[in-house]
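Reader: I'm new to this one, and I'd like to know how the labels on it are earned. Can we go through them one at a time?

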Amino acid sequence: MMIPYLDLSPEVSSALRSKQPVVALESTIISHGMPYPRNVETALMVEEVVRKHGAIPATIAVINGRMKAGLNKKEINNLGKMGTDVLKVSRRDLPVVIAQGHNGATTVAATMIIADLAGIAIFATGGIGGVHRGASESMDVSADLQELARTNVAVVCAGAKSILDLGLTLEYLETQGVPVLGYRTQDFPAFYTRNSGFKVDQSLESAKELANILTIKWQLGMKGGAVIANPIPEKFQLEYAPMEQAIQQALDLAQQKNIKGKEITPFLLATIEEITSGKSLDANIELVLNNAKLAAKIAKHLR
Ligand code: PSU
Ligand code: MN
């Protein structure tokens, strides 16, 4: 079926037609989540990992006003090079960027929308957006959470960074009926670290069990996705206390500079990377690769 404004790459199109497993990947992580050129290197490595584990990668973005599922190397390189000059596109921005014929890097929310239109049910990233610390004042709740409640795409992530209020994020997901499933973890992971002190709803031991839960949810006609929480591998995790300190420092700086809205998440990510002299970036890359691997395994059981 033709979906207006959507282009599938030939490879993604043929994979979907022949019911091969496909994994969606987002692009804000490339443009706004990591510095050039490591963002591009990472995006390409993530695609390789998906392939190595038997699925076809579909990196998603908006290019010249067209939604794309499956980017070529040049398009990935351009997004990475443009960095924060590219529009960060979430649900509200999607019709605007299409109408104006611009480029856009898609957040978790917008990537889910496009993946769903393309017919891709599983998506790998680093961390999801959530309820920000101080949200009772700022009302800053990422559109990612609403999207998880309404769009049928499961997101494999390493939990969420503690730049967010993880407790409130989990409460919000519970209210919205979004399952938070741990892969071999009882604890909801905190991105750089395997533990946050908060619990997932259920811990599962295999990709097959995770896929089965998703299949049942969608067979029942229940709208929405799921958070599949996959902790960073032990050997790459960072120490909790210094990370917490770096995060606090970044949050203070954001407040001093009065940074708000869609700028806050990229600002915090870049500042934390600076404070930790790149250690956070190394961990970030490893956990994304680890998520791509699990997403590919789940994709194989989702047919
Ligand atoms: N968290 C990360 N890395 C990221 C993001 C979040 O650890 O790159 C990006 C994702 O694209 C996510 C978006 O969807 O930030 C959330 O932005 P906001 O908080 O403005 O909704
Ligand atoms: Mn926000």
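Reader: How do you know how much space lies in the largest cavity?

Author: This is a predicted model, and in it the largest cavity holds about 110 Å³ of space. That volume is the space filled by probe spheres set on the grid points.

Reader: What makes it a cavity and not a pocket?

Author: A cavity is a set of points where a 1.4 Å probe fits but cannot get out, whereas a pocket is an open set. By this rule there are three cavities of 30 Å³ or more. The largest cavity is lined by 13 residues, and those closest to its centre are Glu-26, Ile-29, Ile-30, Ala-43 and Val-46.

Reader: Which elements supply the lining of the largest cavity?

Author: H2 and H3 each supply at least two residues, with the largest share, four residues, coming from H3. Sorted by class, the lining of this cavity has eight nonpolar residues, four polar and one charged.

Reader: On to the ligand. What makes you say that ligand 1 sits in the largest pocket?

Author: To sit in a pocket, a molecule needs more than half of its atoms within 2 Å of the pocket's grid points. Ligand 1 passes that test for the largest pocket, which has a volume of about 740 Å³. Of the 36 residues lining this pocket, the closest to its centre are Lys-88, Thr-107, Ser-142, Asp-144 and Thr-265. H12 gives the most to the lining, with four residues.

Reader: How many residues surround ligand 1?

Author: There are 15, and Glu-26, Lys-88, Ser-142, Asp-144 and Lys-161 are the closest. They split into four nonpolar, seven polar and four charged.

Reader: Why do Lys-88, Val-108 and Lys-161 count as polar contacts of ligand 1?

Author: The cut-off for a pair of N or O atoms is 3.5 Å. A side-chain N or O atom of Lys-88 is 2.7 Å from an oxygen atom of ligand 1, so that pair is within the limit. For Lys-161 the side-chain atom is 2.3 Å from a ligand oxygen, so this pair qualifies too. Val-108 uses a backbone N or O atom, and at 2.8 Å from an oxygen of ligand 1 it therefore counts as well. As for cover, the protein hides 93% of the 480 Å² of accessible area that ligand 1 has on its own.

Reader: What about the second largest pocket: what lines it?

Author: About 430 Å³ of space lies in the second largest pocket. Its lining has 17 residues, and Arg-133, Ser-138, Gln-255, Ile-259 and Ile-264 are the closest to its centre. H11 gives the most, with five residues. By class, this lining has six nonpolar, seven polar and four charged residues.

Reader: Why is the bond between Tyr-36 and Pro-37 worth pointing out?

Author: Most peptide bonds are trans. The bond that joins Tyr-36 and Pro-37 is cis, with omega at about 5°. Pro-37 lies in the loop between H2 and H3.

Reader: And what makes Lys-19 stand out?

Author: Most residues other than glycine have a negative phi. Lys-19 is not glycine, yet its phi is positive, near 60°. You'll find Lys-19 in the loop between helix H1 and strand E2.

Note on methods
Residues are numbered from 1 along each chain as its sequence is written. Chains are lettered from A and ligands numbered from 1 in the order in which they are written. This is a predicted model: local features need pLDDT of at least 70, side-chain atom pairs count only at pLDDT 80 or more; totals for chains, interfaces and linings use all residues. Side-chain values use heavy atoms; hydrogens and water are left out. A residue is near a molecule or strand if one of its heavy atoms lies within 4 Å of it. A polar contact is a pair of N or O atoms within 3.5 Å; within protein, one must be able to donate a hydrogen and the other to accept it, and residues adjacent in sequence count only if both atoms are side-chain atoms. Accessible areas come from the Shrake-Rupley method with a 1.4 Å probe; for residues, only the protein chains shown count as cover. On a 1 Å grid over the protein atoms alone, a cavity is a set of points where a 1.4 Å probe fits but cannot get out, and a pocket is an open set with protein on both sides within 12 Å along at least five of seven lines; lining residues have an atom within 4 Å of a point. Ala, Val, Leu, Ile, Met, Phe, Trp, Tyr, Cys and Pro count as nonpolar, Asp, Glu, Lys and Arg as charged, and the others, Gly among them, as polar.
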